Structure formats: structure tokens, C-alpha cells
Amino acid sequence: MRKYSWLWIVAFFFIQPLSAQNKILRAVKTEQVPRIDGDLNDAAWINAPIADQFIQNFPSFGAPASRNTSVKLLYDDAAIYVGAYLYDDPSLIRKQLTVRDGEQRQDVDYFSVFFDTYNDDQNGFQFLVTSANVQSDARIGSNLDLDFGEYGDKTWEAVWESKVSIRADGWIVEMRIPYISLRFSKNDKQTWGLNFLRHTRRTNETSFWNPVNPSINGFVNQFGDLESLENIQPPLRLSFSPYLSAGFRSVPLQSGFKSEFLRSGGMDVKYGINESFTLDATLIPDFGQVVSDNVINNLSPFEVRFTENRPFFTEGTELFNKAGLFYSRRVGATPSRYGEIRNFADTSSVYDLVKNPTLTQLYNAVKFSGRNQKNFGFGVFNAVTAPAQARLRNRNTGLDSIVTTEALANYNIIVVDKAFKGQNFVTFTNTNVIRNGRDRDANVTGINYALYSNKNVFGTTGAFQYSRIFGSNSYDGFNASLRAGKVSGNWQYHVLGSMISNRYDPRDLGFLTNNNEVLTRAGISYQIFQPTEKFIKYIYEVIAQRIQLYRPGKYARTDLAFNNLLVFKNFWDVSFNLLYNPGTWYDYFELQHSPEYYLSFPGNFSATMSGSTDSRKRAFVSFAGSFARIPALNTNSLSYQLGLRYRFSNRFTFSGSVDALHSTNNRGYAFMTNSLGDPLAATRDIRQMSTLFSGVYNFTPRMNLTMRMRHYWSRVNFKEILSVNPDGTVNPFVNTADIHPYISNPNFFNIDAFLTWDFRLGSRIILGWKNWLGEKEMVDSDKYRNYFRNASRVLQLPHGNELTLRVIYFLDYNQFRKKR
């Protein structure tokens, strides 16, 4: 340690003061509009002030950037202009073509500008351009869960211009960001938060104009200032994106195929009600061209959370998600009685199923959101879904019966957010769902806050949420949490307490794995972000937590965890996670009944290791493996994940991964009950494997072909059926006259391919093909007992196919006004 003592002296006297001082850039208004051509020789750029002297964020925080960067910024009545000269050896610049918003861990350099237009240290915009002139953009906000290298919600897409050119001593990026893509106040004179980022791929160096210290809590609060923005008038923000879609779908049935032609049309509208607030509406939306879900054989008592892929529900929703009460997949979801009707038809000797919609149709959806000059954020979301109806046909009479599987519903969210100085905020959120007729209605109200010390060293966050369900079975509940600790520096620690009542239920519009839980947690971590002799950075963390039921207040378990992350000098990374549950622990959820039915388990442990190789290389490997064991039950669980990405050229990249699980003597729910209705348990052997292959070919920065193929297989062998004792222990179930162990053998298969061409700013053509395994097709569990035999059989079964063409055309009202 003595040999590194001088590093602590440097960090104390230089690095900390450096991160606390904001750089200032004076904004210059221009009458001469620079041409966006990747050339900074326009007269407009001559007298613009320069932002330079970038500071490293990674891998050596606090050190000067290894290459010079010179940035200029101008503005006029219509847009902000950014011109950056990134000095470098042109033969060493990485220039891989990527998809939009897909530059992370790819072989490409990039430059980015950040704006905090309300200067609230919490919210902002990011605009990024790669050396191949591929764009990325993001909305920045607090409480976002982001990966390394990400700074905001990249599902948001704006319309702006960029151009790149390679020069003898580096590369140039030129950007025009129209005010239609920003939100700001109407003050005559304004100061915005500002920062610039440069990433050099061959050295993995990330540097900022205003230093961003990774050990300090927050990101936007470490921006510099853009001063002297005067008399900028927010334009009328009115744009239309009409679309037309057509295609053909063929679906396998028990007798042949059902074919149909697809046609649809609609429009997305964006209207700036004033300088700060925007109304987004989608009329007759069509969400056919989205990536298929990663469906699994869910043996757990908890719902699977799927990723949202529909553009309207991903763009600009960070305010609605701030309290964690909005799970957009509830809107337009599978009708609540879909499975009931399908199972009825499968077992009926009288009725055939003629129609049973898998998704509820969305009539329309509207978003209203923005932030005013007093740092109040407001958001309103509303969506209306059509009633879903199934049709059953009587085989004897030929008459049809109509069954409503989902009622007409209105989904609504209201958010009021107040941002205070120093990353502090208070957010009020209300969600409600109103359904037609006697179907249940729901309302959830929540308050969230964050409060940090003046020097941003200590902080506390908290939430209180109340839910109320209305209908024939009305009930209410609450969810409260409080966290406090040290949030900046090498040493960080926290204590956390949360309480979820047994009747708390936000799931009509939100997501919750389970309620009825009281949790207390304490954790401490140590992290170093300056390189040492062997590591670029490393993090150690220890966590202890205790969990019990809210009602009745029974003890559940104690978790002791150790987590470790190491990033080596060669840019390999590895993490270790150890978890130990001492003593007997109780699972009150596995049997999927009331808490009086539960399983008890003796002490157990698990160990996980994951990591990846240097992502700059053509071949990039990621890996993970875990082992869990309950010694007293001889229960073992082994899982592994292996992924390979290979870059054949700057245009074509191929990826493949395999994810497998093998668990023996697993104890869980048998998905059956005894004659009294009591749940039964089972000893199970579980084998699962999933393979995923994907490829991207980029023709130009605006045109690419993506393909994704996934096969998932799960084999569950119920070896022994068990009755459950009042203390959670089990005995062999002796009354087996009508109950026998069984084997499930589900397979899921999907192919998604999309050719995307952004033929002009904001306008797009998408040609899509989707292929999937028919829902009624089953694979014989006795004949096909391993993954490869299942995979070969799946390819021989009937598949559904869908081919669609979609054209979206962007129309900006301001362009029409100029032409007039």
C-alpha cells in the first residue's frame, strides 16, 4: 500500500476539487447558418468559443484525455449547432457501422453532447454520433436503471441532423439539433447544463469536457454550464407520422392453416402545447412489427416480466416510470379469460373454438408530459382498449356463443414531479384502471422522494404507495420503503427497510412479484476507480438482509451476500457473488396458496461467477455459471451461460448464446391439490436450455437487416408427489389412485427478421418476417428427451408465418410553414 500512497494525496488535493468545479462555455448566436457537411470551415464557426481540455472518466479518472478534442457550439432561432474536431491518427479510428442506439461495446469511436435545459441537475438530453455517422439519442432522468456506458433512456428518438468526415489528423462531427427535439423554458436569458463526451474505442477511453467522477453520486449534477442563451423562442412543435402497413399471415391449426391478409393504417401525432409540454397521441396503432417475447416454462409462483418493444410505450416514458408503478405491457395485454376459454374448448366435447384473440386491441393512447421553468414536471397518460370476445361454436346445433374475455378498459396515469437543487426531488404518481361493467377497477397512489446532503455525500430515498381495488371483492393495501446511507466516495453504505402489506396490489397497471413482505437490509461497499497495478477498477460489497411476512408476521429467511466486480488491465471483467441462507428458511409463496401453506428448507448456499472478455476484439465472449445446493435434501442446481459475438467486418456481426439449467431433487409446487383442496408439493428434476442466434448487417448508417432466432426447451420430471405438513415439511403422498407423477416438455421457437431503412429524417420503411411454432403443437416427452432431439423435432412441426411491410413518413409543420 505504501507505494500507492501518493495516489491518495493526488486524489485528495486535485481530483476532488476538480470534480466540484463547473466549466463554463459562452453561447454565441449566429446569423449565418452553418452547413451540416462535416466541415468546420464555415464562416459561422470562426469566432465561436472552444471547449477543450477533456478529462478522463475511464479508465483513469482525473487524468487528461490522451487525445485533444476541440468543440464549438452555436445557436440561432431554430436550432443548436455543435461542431467537434476529434484529433487522432485516422488509420486508428474505429468505424464499425451499427444500428441506431447500438454503439455500446461495438468497434466504433463516438462523440456526444448533453444538455440539461432546465439546469435542475437531474434531467436532460443526449445526442451521440459515431465515427460512421450513426446516431443515438436518449432522455436523461433520475431513477433510471442503466448499463455501463449508458446515460439515459435510449428508446426515445428525436429528429436531428449529423455529418461526419475523416481528416488527416482526426475526424469531425457536425450536428444540428432543432428546438423541436428539445424542451426548455421561455426565459429571455437562460443557462443550461452542458457536457461533451468522447469515446476512443481502441483504448476504451471515455473523457468528458466537465469532469464526471464515477465515485460521486449522480451524473447530470456534474455538467458544466452553457451561458448567455438569449431570446431563443421555442418553435411550434407539431409533427405527424402517418403509417400504412400491409402483409400476410398464416397460422397452423389442428386441421390445416388459417391464412389472412393484413392491412392497417394510422398516425402518431406530436403537438407542443407550449414551450415545455408535449402531447403525443397514437391513433389506430399497429404493433405487429415487434420482437417476440422470450417465453419460458414458468415454474415459479411469480409473474414473468417481459420487455416492452412497442415504440409508443418506450419513447419518452421516463417520467411515468419514475415511481415504478407503470408496466406498459398491461395495456393491450392478453385478455384475462383467454386461457380459461382455451382450456374449456380443449376439454369440451360440444364446443369448438372459432375465435379467441390473444391480445386486446388498442383504440388509442395519449401522452402529455413536460417540465416548466420552475422545475415542475407533469405527465398524463391515457389509453383505451377495446373489449375482447371469443367465439365458441356448438357442434350439434352449429350456433355460436360469444364470450367476453376482456372488458372495455381505460388506463390512466397522472404524475407531478418537483426537482429541487442538488438532485433532490418529490414525485406524486396516480394510476387507475376503469373497466366496463362489473369488472374490477383499480387505483394506486404513490409518493417518492430523494434528499441528499449539500456536498452530495449522504442521501436518503423513500416511497409510500397505496392501492385500492374496487368491485365485488374490494380491498386495499400499501407499500412503504426507506433507504439512507453514504452515496459518494470510495466507501459507501446503506440501510434499507421496506414493508409491503398482504393486500397491496398495483398489478392492473404496474408490476409486482409478490406482496406480504417486510425486509430489512444493510450493506457496505468499497470501490476504486483509479487503476492499480492489476486492475482498472474493483468493487467489493457485503449485504445482510432479513425477510418476514407482513401478515402473519412469520420469519421467512436471512440472506448473507458477498459481491465482487473486477475489471482487469486487459479489459476483461469478472464478478463473483456468494449467497448463504443460514438455518431453516421458509417459502410462503412456492405453493401458490395462502401463507398457511408453505415449504420449509434447511440451510443452503449458492455461488455465481460471470464475466466477459475484451469487447474490442473481433471475438467477444461472455460467460456465467452458478451452483446452488441444499445439502440436507441433496438438492443441486447448476446453470451456465455462454455467449459469443464475432465481428466479421464493419458491416456484419453475428452473435450466439446458450443458457442452460440442470436441477436435481428440486422441491416445489406439484401444480395439483388433494381431495380437500390442499396444495401438493413434488420432487422434481428440471432441465432447461435456450439458444439464441442473432445477426446484423448494416448496409449504410441508415439501413440494416437484423435477424433473431430463439429456441427454448424445458423438461420437468415430477419424480414424487408430496403432501405438505403444517410446519412446512413434507411426506410422500399415499393416495395416488388418481394422481401420478408426470413430465412436461414444452418447446418455444421464434424467428424475427427486419429490414429497416430510414430513408429521410424521421421516416422509415420496415420489411418484417416473423416465424413461430404453432401453439397447439406438442413434442412427445417420452420420445424426445434431450435438447437436440427436441430442436430437430421442432423444425419439422407446422409453423406460423407473417410477412409485413410498413411505411412511416415524418411531417414537420414548421417545414410546411417555411415553404409557404
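Start with the empty spaces: searching the whole structure turns up two cavities of 30 Å³ or more. Keep in mind as you click around that this is a predicted model.

**Stop 1: the largest cavity**

Select Glu103, Gln104, Gln126, Leu128, Ser136, Asp137, Ala138, Gly149, Glu150, Tyr151 and Lys154, and you have the lining of the largest cavity on screen. The space they enclose has a volume of about 40 Å³. Now colour β8 (124-130) and β9 (135-140), the elements that each give two or more residues to this lining. Which of the elements gives the largest share? That's β9, with three residues. If you colour the lining by class, you'll get three nonpolar, four polar and four charged residues.

**Stop 2: the second largest cavity**

Next, pick Thr431, Asn432, Val433, Ala442, Asn443, Val444, Pro506, Asp508, Leu509 and Gly510, which line the second largest cavity. Here, two or more residues each come from β24 (425-435) and β25 (441-452). The cavity holds about 30 Å³ of space. Its lining breaks down into five nonpolar residues, four polar ones and one charged.

**Stop 3: Lys322**

Now jump to Lys322, in the loop between α2 and α3. Is this lysine buried or exposed? Lys322 has a relative accessible area of 9%, and anything under 20% counts as buried, so buried is the answer. Show the side chain of Asp417 as well: a polar contact of 2.9 Å links it to the side chain of Lys322. To see the rest of the surroundings, add Gln122, Ser142, Asn143, Phe425 and Thr427, which are among the residues that Lys322 touches beyond four places away in sequence.

**Stop 4: Arg337**

Stay in the loop between α2 (311-314) and α3 and select Arg337. This one is partly exposed, at a relative accessible area of 30%. Draw a line from its C-alpha atom to that of Thr405: the two are separated by 4.6 Å, although they sit 68 residues apart along the chain. Setting aside neighbours within four places in sequence, Arg337 is in contact with Val403, Thr404 and Thr405. Its side chain also has a polar contact of 2.9 Å with the side chain of Glu340.

**Stop 5: helix α3**

Move along to α3 itself, residues 338-347, and highlight its buried residues: Tyr338, Ile341 and Ala345. Turn the view until you look down the axis of α3; these residues fall within an arc of 75°, so they line one face of the helix. What do they pack against? Switch on β18 (351-355), β21 (388-394) and β22 (400-406), and you'll have the packing partners of the buried residues of α3.

**Stop 6: helix α4**

Last, go to α4, residues 787-796, where Tyr787, Asn790, Ala791 and Val794 are buried. Why are they on the same side of α4? Because they cover an arc of only 100° around the axis. Spin the helix around and you'll meet Phe788 and Gln796, which are exposed on the other side. For the packing of the buried residues of α4, show β39 (679-700), β40 (703-724), β43 (747-760), β44 (763-773) and β45 (799-808). Before you leave, zoom in on the start of α4: there, a side-chain oxygen of Asn786 comes to within 3.2 Å of the backbone nitrogen of Phe788.

Note on methods:
Residues numbered from 1 in each chain as written. Predicted model: local features only at pLDDT ≥ 70, side-chain atom pairs only at ≥ 80, totals over all residues. Heavy atoms only, no water. Buried < 20%, exposed > 50% of the residue type's maximum accessible area, 1.4 Å probe, protein only. Helix = DSSP H or I, 4+ residues; strand = E, 2+ residues; numbered from the N terminus. Arc of directions from axis to C-beta. Contact = heavy atoms within 4.5 Å. Polar contact = N/O pair within 3.5 Å; in protein donor to acceptor, adjacent residues only side chain to side chain. 1 Å grid on protein atoms, 1.4 Å probe; cavity = no way out; pocket = protein on both sides within 12 Å on 5 of 7 lines; lining within 4 Å. Points joined across faces, edges and corners; volume = space filled by probe spheres on them. Nonpolar A, V, L, I, M, F, W, Y, C, P; charged D, E, K, R; others polar.
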